[in-house]
Every structure is written in C-alpha cells, then in structure tokens.
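Colleague: Could you take me through one part of this model in detail, the sheet and whatever sits against it? I'd like a connected account, and feel free to wander outward from there once the sheet is done.

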Amino acid sequence: MGSLAKLVWLRLEGDEWASRMVSFKCKGELNGVQCWNRKGHGKVDLAKATLESCNLAFLAWSMESAERWKKDYGDGAARYRMEQIFKPFLGTRLKAGETMPVLGREWIGDGDLLRTTPLAMAKWLSDPDQEQLLSLCKRLMGGVFDGWIVKGSDWWFKSGTAPVPGDPGVTSAWVAGSNGERSVVLHLPRGRGKAEGLARMKEILLLKKK
Ligand SMILES: [Zn+2]
C-alpha cells in the first residue's frame, strides 16, 4: 500500500503525535532504512512529514509510540492495539505471537506486508470510525494539493508508490483523498507513477469546483 500506510498510522497515533508536537530531523537514513528522499527532508513536524511523506519521521514516531505502549500497557496489549488498527491491511501475513513485532520499513508501507485494494481502502476511509482521522488529515493536508494551495477546498490527497505484490521490481501509484463527505481512492496500473495519479485527481478536483 506504499505511503497510504501513513494514513493508518495517523489513525492510530496521529492525534497523540499532534498533541505532543512531534518533530524529526530526516537525514535520509535511519537504522539502515532509507527515506525515499535520499538527501533527507531535514527538520519536519507532523504536517510537513505528512505532506512531504517523510518515511523516516513516521518510522521514528511509530517506534517511539511502540515503546510507550509497551511501557504503559505491556508488550501483548501493545501488539493487540496495533494489530486491531492494521488488521484490514495485514491479512494473515503477520506472524502469530504475543509481543510487538520489530517496526521496520514494511510497517510504513514498503514491501508487501501491508496491502490494500481500491475498494477496501475506500471502504476503510468511509467508515464512520474514521471521522477523527479525516478531520486530522484535513487539518494537516486540507486545501494543499500537490504543492498548490487550493483556496476554499476541503479536499486532501495522499499519494504513494508501492511495489506490486509478487513482483517487487515493479511499482504502481496510489492516491487517496477525502473532503470529509466523499472519499476517493485511485490505484494506477503497474508501472504508472504518482505524477499521473495526481494529475488525474487534479481533474476530479477541478470538476468538483465547476
Ligand atoms: Zn524523510
């Protein structure tokens, strides 16, 4: 699911991170994991990390959260908490166990541990359960589209590039977004990039404004 996994983290911990006013300095590499921006994103807060899709900020904050849950509730409960939220995207791919898995690149959407389909993602975003997530996303990304400020628009979009399951050399792009009332998910065919995905979403946005 590529960077759409960041939406799942925002669902799980976004409000907590926002209230803690988290920040991170992305130098392009953390614990052997590289950010897609090899030069690094520099210093990011939650909004900037979400808008610029900094993998390492999300990885660092999720690792901090995991440590905090383990301390506060114990290892088993920490795992349960994470599993409940990630369940729609895990299938049966998470190895059975009683303890928190080690969080690495696959937990921020790289590889094929976390998977989704356009329909499943749209369903997930439209669930009444996601009201808080949608309002957080609107706060963090609303009215900004592909680097443009879209005045008077509540729409936000999150793009991502993900490996095709079973064919890790090939990627395809995702774009998901919402205006709080409607959610849209676009998954491009294999080999097609996020620039095209964003261009198509821009058309939808312009159609909305007519
Ligand atoms: Zn980064």
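Modeller: Let's start with β8 and β9, bearing in mind that this is a predicted model. Strand β9 covers residues 183-187, and β8 pairs with β9 in the antiparallel sense through five bridges. If you want a spot to click on, take Ala-176, which stands opposite Val-185 in β9. The link between the two strands is a hairpin with four residues between them, and in that hairpin Gly-180 has a positive phi near 90°.

On to the other partner of β8. Strand β7 runs over residues 156-164 and β8 over residues 167-178, and the two pair in the antiparallel sense over nine bridges. Two of the pairings are handy as markers: Phe-157 has Gly-177 as its bridge partner in β8, and Ala-162 has Ser-172. β7 and β8 also form a hairpin, this one with two residues between the strands, and Gly-166 in the turn shows a positive phi of about 85°. So much for the pairs; here is the sheet as a whole. Three strands make an open, antiparallel sheet, and the order is β7-β8-β9. That leaves β7 and β9 as the edge strands, each pairing on one side only. Ignoring direction, neighbouring strands of this sheet are turned by 15° against each other on average.

What packs on the sheet? Helix α5 (residues 118-126) does, touching β8 and β9, and the direction of α5 makes about 160° with that of β9. Zoom in on Ala-122, which is found in α5. Leaving out residues up to four places away in sequence, Ala-122 touches Ser-183 and Val-185. That second contact brings you back to the Val-185 that stands opposite Ala-176. Ala-122 counts as partly exposed, because it has 18 C-beta neighbours inside 10 Å, and a residue needs 20 or more to be called buried. For a sense of scale, Ala-122 and Lys-25 are 32 Å apart in space, C-alpha to C-alpha, and 97 residues apart in sequence.

Stepping back along the chain from α5, you get to the loop between α4 (75-90) and α5, where Pro-101 lies. Pro-101 also counts as partly exposed, with 15 C-beta neighbours inside 10 Å. Pro-101 and Val-170 are 27 Å apart, C-alpha to C-alpha, with a sequence separation of 69 residues.

Now for the helices further up the chain. Helix α3 takes in residues 55-73, so 19 residues, and reaches 26 Å from its first C-alpha to its last, close to the 27 Å expected at 1.5 Å a residue. Buried residues in α3 include Asn-55, Leu-56, Ala-57, Phe-58, Leu-59, Ala-60, Trp-61 and Ser-62, and Ser-65 and Ala-66 are buried as well. Just after α3 comes Gly-74, with a positive phi of about 100°.

Which helix packs with α3? That's α1 (residues 5-20), at an angle of about 60° and with the axes 11 Å apart. That angle is why α1 is oblique to α3. The crossing of the two is left-handed. At the contact, Lys-6, Trp-9, Glu-13, Glu-16 and Trp-17 of α1 meet Phe-58, Trp-61, Ser-62 and Ser-65 of α3. Those four residues of α3 are buried.

Last, a couple of backbone oddities. Most residues other than glycine have a negative phi. Met-21, though not a glycine, has a positive phi of about 50°. Met-21 sits in the loop between α1 and β1 (23-26), and is exposed, with 8 other C-beta atoms within 10 Å. Asn-31 also has a positive phi of about 50° without being a glycine. Look for Asn-31 in the loop between β2 (29-30) and β3 (33-34). Asn-31 counts as exposed with its 12 C-beta neighbours inside 10 Å, since 12 or fewer is the cut-off for that label.

Conventions. Residues numbered from 1 in each chain as written. Predicted model: local features only at pLDDT ≥ 70, side-chain atom pairs only at ≥ 80, totals over all residues. Expected span 1.5 Å × (residues − 1). Pairing = 2+ DSSP bridges. Axes fitted to C-alpha atoms, helices over the stretch in contact; angles between N-to-C directions. Parallel < 35°, antiparallel > 145°, perpendicular 65-115°, else oblique. Left-handed = near helix turned anticlockwise from the far one by under 90°. Contact = placed C-beta atoms within 7 Å.
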